[in-house]
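Visitor: I should like to go through this structure with you, asking at each step what justifies the terms you apply.

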Amino acid sequence: MSSFDFDLFVIGGGSGGVRAARMAAGRGARVALAETLGTDGLGGTCVNVGCIPKKLYSYAAHYHDAFNESRGFGWELDGAPTFNWSTLKANRAKEIGRLNGVYANLLRGSGVTVLNGFARIDGPHALTVATLNADGTPGHQSFTAANILIATGGTPFVPHFTGREHVITSNEVFDLEPFPQRLLVVGGGYIACEFASIFNGLGAKVTQLYRGEQVLRGFDDEIRHFVAGEMVKTGVDLRLNADVVDVRKTDEGLHVECEGGNTVMADAVLYATGRKPNVQGLGLEAVGVAQGAQGEVMVDEHYRTNVPSIWAVGDVTNRVQLTPVALGEAMVVVDQLFGPAPGKTPRSMGYEFIPTAVFTHPSIGTVGYSEAQAREKFGAVTVFRSEFKALRHTLSGSSERTLMKLIVDTASDRVVGLHMVGAEAGEIVQGFAVAMKAGATKAVFDSTIGIHPTAAEEFVTMREPVKS
Ligand SMILES: Cc1cc2nc3c(=O)[nH]c(=O)nc-3n(C[C@H](O)[C@H](O)[C@H](O)COP(=O)(O)OP(=O)(O)OC[C@H]3O[C@@H](n4cnc5c(N)ncnc54)[C@H](O)[C@@H]3O)c2cc1C
């Protein structure tokens, strides 16, 4: 046994940290995990203020359409259904509390020592955790560890402008009080678009401002334009090439002045303008851990920093900021440190075909290259496209449309991009991602029998290219 207090000390109890701690302990390592927010924060961003509460709120927002659309199927509702924001918030908080407890039990059950407090790195093998003494006064505990894993995630970034103190971020939006009848969302990334759709569905009058030409930079251009159009159809007042100059509090609400002199009145202003790595106060400079321009921790392909005993995974490395990516990276570190699971080889992470969803209304599901990226990488590509009204909407009265797109590398016939805007896009694209990781060609797609009647069958029945 080493002379260190622990074999692995994990800083941060989010997606990456919990996974690494649990798996390392399962391999027989002596593991500690420090979480600033204590056991209430276990699960990190995803569980507390990210993926999970957001998806729950997205489900809530979908009922708005479901009630309206049910009439076309013969349902008669007595009066207009009403929405109770307090009930949603309370039920969400209860479920998140349950999940925090599940994480705490999983860690304790695996033998991980869980510490409540902010951890700082003092040296390649030394840490201090700021804790509270029994009498409630601030205290601290020092530890040594053979290896340290930084899994501290990220935090919302809000630029400087007059009135910045009046705006909120995704951290606060879930518990907003009262419900914002008028919400201004600033930003064009997936988080901004999702909250615009969610609050629009819940009944708020939503304005979304984005300073760029189109929302969702990095996604396939056609998908971006299509989903933006669908969001506008649902009622989101999307204003592109627009930015905030200042925000002032008035008796009528928040008065937001935009570039060019336009103004917006809102009850709440949500800034979703990017995230930055959580590295403040970690002690990285003193220990000499190399950082990038945004403060992100620099790592090699095994997530080891330039200080050999210090590793980093997840959002703090500012690569692909998704929970399943943080989980995958954590497994690579555990395999490197403590060996792979019995009978397995050490894992590695591939970033090429990571599927992802955007829970806008309608949602996006995507895997692989956008059309522009594919042209750049492969040269000649063949594009297949299908746009239609989903069967459900033949009776629902909704004008929502679905778009599906396949990008094929012409030389190899391999499907290298698959994109969709429509209901349950994430659920549909997950399965296709497996086929694409396995190198499926368009010929394989063509020889696959569809499931009828579904929207997903379109992906295996597109025969005529629209572009090559
Ligand atoms: C609104 C929103 C929606 C999202 N939706 C999705 C989605 O639908 N799908 C998806 O895959 N991803 C989604 N994400 C991204 C996902 O939440 C993150 O990629 C993921 O949580 C990253 O995990 P992590 O382990 O790197 O960090 P985190 O989960 O952020 O965990 C870091 C933890 O470290 C703690 N910590 C920080 N510093 C210290 C310290 N010095 N000492 C002790 N503890 C510390 C923090 O309190 C936090 O609990 C969303 C994010 C947001 C903000």
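Guide: Let us begin where two domains meet: seven residues of domain 1 are in contact with eight residues of domain 2. The model is predicted, with local features requiring pLDDT of at least 70 and side-chain atom pairs pLDDT 80 or more, while totals for chains, interfaces and linings use all residues. Residues are numbered from 1 along each chain as its sequence is written, and side-chain values use heavy atoms, leaving out hydrogens and water.

Visitor: What makes these residues count as being in contact?

Guide: Contact means heavy atoms within 4.5 Å. Seven residues of domain 1 and eight of domain 2 are in contact by that definition.

Visitor: How do you know where the domains begin and end?

Guide: The bounds come from an automatic or database domain assignment. That assignment gives domain 1 (6–51 + 88–155 + 276–338), domain 2 (158–272) and domain 3 (356–460). Taken over C-alpha atoms, the centres of domain 1 and domain 2 are 32 Å apart.

Visitor: How much area do domain 1 and domain 2 bury between them?

Guide: About 590 Å², with 45% of it on carbon and sulfur atoms. Buried area is the accessible area (1.4 Å probe) that two parts lose on being put together, summed over both. On the domain 1 side, V49, K89 and R92 lose the most area to domain 2, together 74% of what that side buries.

Visitor: Which residues are closest to the ligand?

Guide: The closest are G16, E35, T45, K54 and D315, among 39 residues that surround the ligand. A residue belongs there if one of its heavy atoms lies within 4 Å of the molecule. The shell draws at least three residues from each of domain 1 and domain 2, and its largest share, four residues, comes from α2.

Visitor: Why is the pair formed by T45 and the ligand called a polar contact?

Guide: A polar contact with the ligand is a pair of N or O atoms within 3.5 Å. A polar side-chain atom of T45 lies 2.5 Å from a ligand oxygen atom, so the pair meets the definition. A backbone N or O atom of S15 also qualifies, at 3.3 Å from an oxygen atom of the ligand, as does a polar backbone atom of A119, at 2.9 Å from a ligand nitrogen atom. Taken alone, the ligand exposes 1,000 Å², of which the protein buries 94%.

Visitor: What makes the bond between H361 and P362 worth noting?

Guide: Most peptide bonds are trans. The bond joining H361 and P362 is cis, with omega about 0 degrees, and P362 is found in the loop between β17 and β18. H452 and P453 are also joined by a cis peptide bond, with omega about -5 degrees.

Technical notes
Polar contact = N/O pair within 3.5 Å; in protein donor to acceptor, adjacent residues only side chain to side chain. Areas by Shrake-Rupley, 256 points an atom, 1.4 Å probe, with all protein chains shown as cover. Helix = DSSP H or I, 4+ residues; strand = E, 2+ residues; numbered from the N terminus.
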